[in-house]
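Thanks for coming. I will go through one model today, element by element, and you can follow along on the screen.

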Amino acid sequence: MQYKLVKNKPNQIMYINGNWHGIIPFEPANRHYQEYLKWLEEGNTPLPANEENN
Amino acid sequence: MPFIGNKPSAVPLTSADITDGIITNADISSTAGITLNKLSGNPSFRNIVINGDMQIAQRNTSVASITTSGYRTVDRFTTLILGLGTWTQSQSTDVPSGYGFTSSLKMDCTTANASPSASDFLMFRQIFEGQNLQYLKKGTANAVSLTLSFWVKSTKTGTFIAELFDNNSRGICASYTVSTTNTWEFKTITFAGDTSGTISNTNGTGLTLNFWLGAGSNFTSGTLNTTWASSINANRAVGQVNIADSTANDWFITGVQLEAGTSATDFEFLPFDVNLNRCFRYYHFLGGESAYQNVNTVAWFGTGDCVGHFRFPVTMRTAPAVSKTGNWATLGGSGTAGVSLGIDQNTTKNCQLGATGGSGGTGGQASTLRANNDTSYRLTFDAEM
């Protein structure tokens, strides 16, 4: 699992898991967002957003 | 009520006439009106558990090599696992005969662990929204008891633990016994109401139901917590057998019902569409029904990006995480969709959905975004707990 910032979308994060990729809203009740926060707390850093697109 | 002479034109019934057993058989006129709010209890939607008959399995009907926690097959139920074996989980047609069930959940041990580490565990779980549980009156003198009923079939016999856990780390456990190997058995457990604590009136966790299937000593070394109390790990699964101790072990469950009151009623079967729509609140997906299954109509606002509106089938619990696998493309317009999701304005009801990273689009032109000859294509919306 890897996370990646989304260009011009400060309120969401992209996750990449093999062929899967998805968009997680920064919504406190969303369990994927909670998992992302935990991942950050563990000292991880998301990949930067692509310049052109995602 | 006895009478002498002409029968009175109207004799009011009293509660005594009903409770003393005088009325043994009576018909209600087909034209009679019944005031529903005079009926006590909660006859419809009394089952707090969603998909308790394991009828809905949107994600998969079988998943092998499970060693980590997650939602895998039947909707709304998740498996929590740490260290205790490797499993194939499936939606099974093995059901108790003659009770109306068509599906069960099966756990099949494929790699055993007969010597769990202290922190190991395996459990089957459903989490309930707090806003649906306020009628339990938790934290008041009128707190309502809950009765859990279910059918279970297990190769491994012995003591098992069922547990309720609230969102304030209070819990209560009960043990039950699987008596006969590989035989469907019906179990009922009544949990007392909790006169302490609270359940938040939100879309977040209000209560969690755990079926323990194995546990290390961190969860078994104390005394089983059989009254509502602040949860202590050592008291949560005392006596629990380890169903991961042999690859011969299977475990099945269906007909899971959790309801207010001190007795179990018949399982509340819901129509398939009702059951499915209740599950949609937490998870749904598009794809797999045709090679070019349509997603939505999109408009190009540049050469590489297109966007459109996507309405969810029901209001979701929270704004969902949206994910995609497989190939999609646009039909019409001049561009080709890129590989990435474009999501914005994501709410519980709908989102702005399109593709980014394409090429050849012309601003203002419209297209249909669809699977690109790919039945494995999936676009999922996940708001599970």
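Strand β18 of chain B, residues 340-344, is mostly covered, with five of its five residues buried. Keep in mind throughout that this is a predicted model. In a regular strand, side chains alternate between the two faces of the sheet. In β18(B) both faces are covered: Ser340(B), Gly342(B) and Asp344(B) are buried on one side, and Leu341(B) and Ile343(B) are buried on the other.

What does β18(B) pair with? Five bridges join β18(B) to β19(B), and the two run antiparallel. One bridge to look at is Asp344(B), whose partner in β19(B) is Gln352(B). The two strands form a hairpin with five residues between them. In that turn, Gln345(B) has a positive phi of about 50°.

Staying with β19(B), which covers residues 350-356, we find Gly354(B). Gly354(B) has a relative accessible area of 0%, so it is buried. What is it in contact with, once neighbours within four places in sequence are left aside? The contacts of Gly354(B) are Val298(B), Cys306(B), Val307(B), Trp328(B), Ser340(B), Leu341(B), Gly342(B) and Leu369(B). For Leu369(B), the separation along the chain is 15 residues, and the C-alpha atoms of the two are 7.6 Å apart.

Next, the sheets. One open sheet has six strands, in the order β2-β5-β10-β7-β8-β11, from chain B, with antiparallel pairing. Its edge strands are β2 (78-82) and β11 (229-230) of chain B, each pairing on one side only. Inside that order, β5(B), residues 121-129, is joined to β10(B), residues 205-215, by nine bridges. Leu122(B) stands opposite Gly214(B) of β10(B).

Another open sheet of six strands takes strands from both chains: β1(A)-β2(A)-β3(A)-β16(B)-β21(B)-β13(B), with antiparallel pairing. Here the edge strands, each paired on one side only, are β1 (2-5) of chain A and β13 (283-286) of chain B. From one strand to the next, the twist averages 20°. Strands β16(B), residues 321-325, and β21(B), residues 378-382, run antiparallel and share five bridges. In this pair, Lys324(B) stands opposite Leu379(B).

Helix α1 of chain A, residues 31-41, lies across this arrangement. The strands under the helix are β1, β2 and β3 of chain A together with β16 and β21 of chain B, and α1(A) runs at about 95° to β1(A).

Now the nonpolar cores. The largest one has 46 residues, and the members that touch the most others are Phe124(B), Leu148(B), Phe211(B), Trp251(B) and Val256(B). Apart from it lies another core of 24 residues, including Ile23(A), Val295(B), Ala371(B) and Phe381(B).

Take Trp251(B) from the largest core. It sits in strand β12 of chain B, residues 250-260. Is Trp251(B) buried or exposed? Its relative accessible area is 0%, and therefore Trp251(B) is buried. Leaving aside neighbours within four places in sequence, its contacts include Leu105(B), Met107(B), Phe124(B), Val152(B), Phe160(B), Phe211(B), Leu213(B) and Ile243(B). As a contrasting distance, Thr315(B) is 64 residues from Trp251(B) in sequence, and the C-alpha atoms are 34 Å apart.

That brings me to the rings. Over all chains, the whole structure holds 22 aromatic pairs. One of them is Phe150(B) with Phe211(B), edge-to-face, 5.0 Å centre to centre with 75° between the planes. Why does this pair tie together parts that are 61 residues apart in sequence? Because Phe150(B) lies in strand β6 (residues 146-154) of chain B, while Phe211(B) lies in strand β10 of chain B. Phe150(B) and Phe211(B) are both buried.

A second example is Trp212(B) with Phe219(B), a tilted pair at 5.3 Å and 50°. Trp212(B), at 0% relative accessibility, is buried. Phe219(B) is at 8%, and since the cut-off for buried is under 20%, Phe219(B) counts as buried too.

In chain A, Tyr3(A), Phe26(A), Tyr33(A), Tyr36(A) and Trp39(A) form one aromatic cluster.

Last, two arginines over rings. Arg59(B) lies over the face of Tyr283(B), 3.9 Å from the ring centre. Arg76(B) lies over the face of Tyr282(B), 3.6 Å from the ring centre.

Methods. Residues numbered from 1 in each chain as written. Chains lettered and ligands numbered in written order. Predicted model: local features only at pLDDT ≥ 70, side-chain atom pairs only at ≥ 80, totals over all residues. Heavy atoms only, no water. Core = buried A, V, L, I, M, F, W, Y, C linked by side-chain atoms within 4.5 Å. Buried < 20%, exposed > 50% of the residue type's maximum accessible area, 1.4 Å probe, protein only. Pairing = 2+ DSSP bridges. Helix = DSSP H or I, 4+ residues; strand = E, 2+ residues; numbered from the N terminus. Contact = heavy atoms within 4.5 Å. Axes fitted to C-alpha atoms, helices over the stretch in contact; angles between N-to-C directions. Phe/Tyr/Trp six-rings, centres within 6.5 Å; stacked < 30°, edge-to-face > 60°. Lys NZ or Arg CZ within 6 Å of the ring centre and 35° of its normal.
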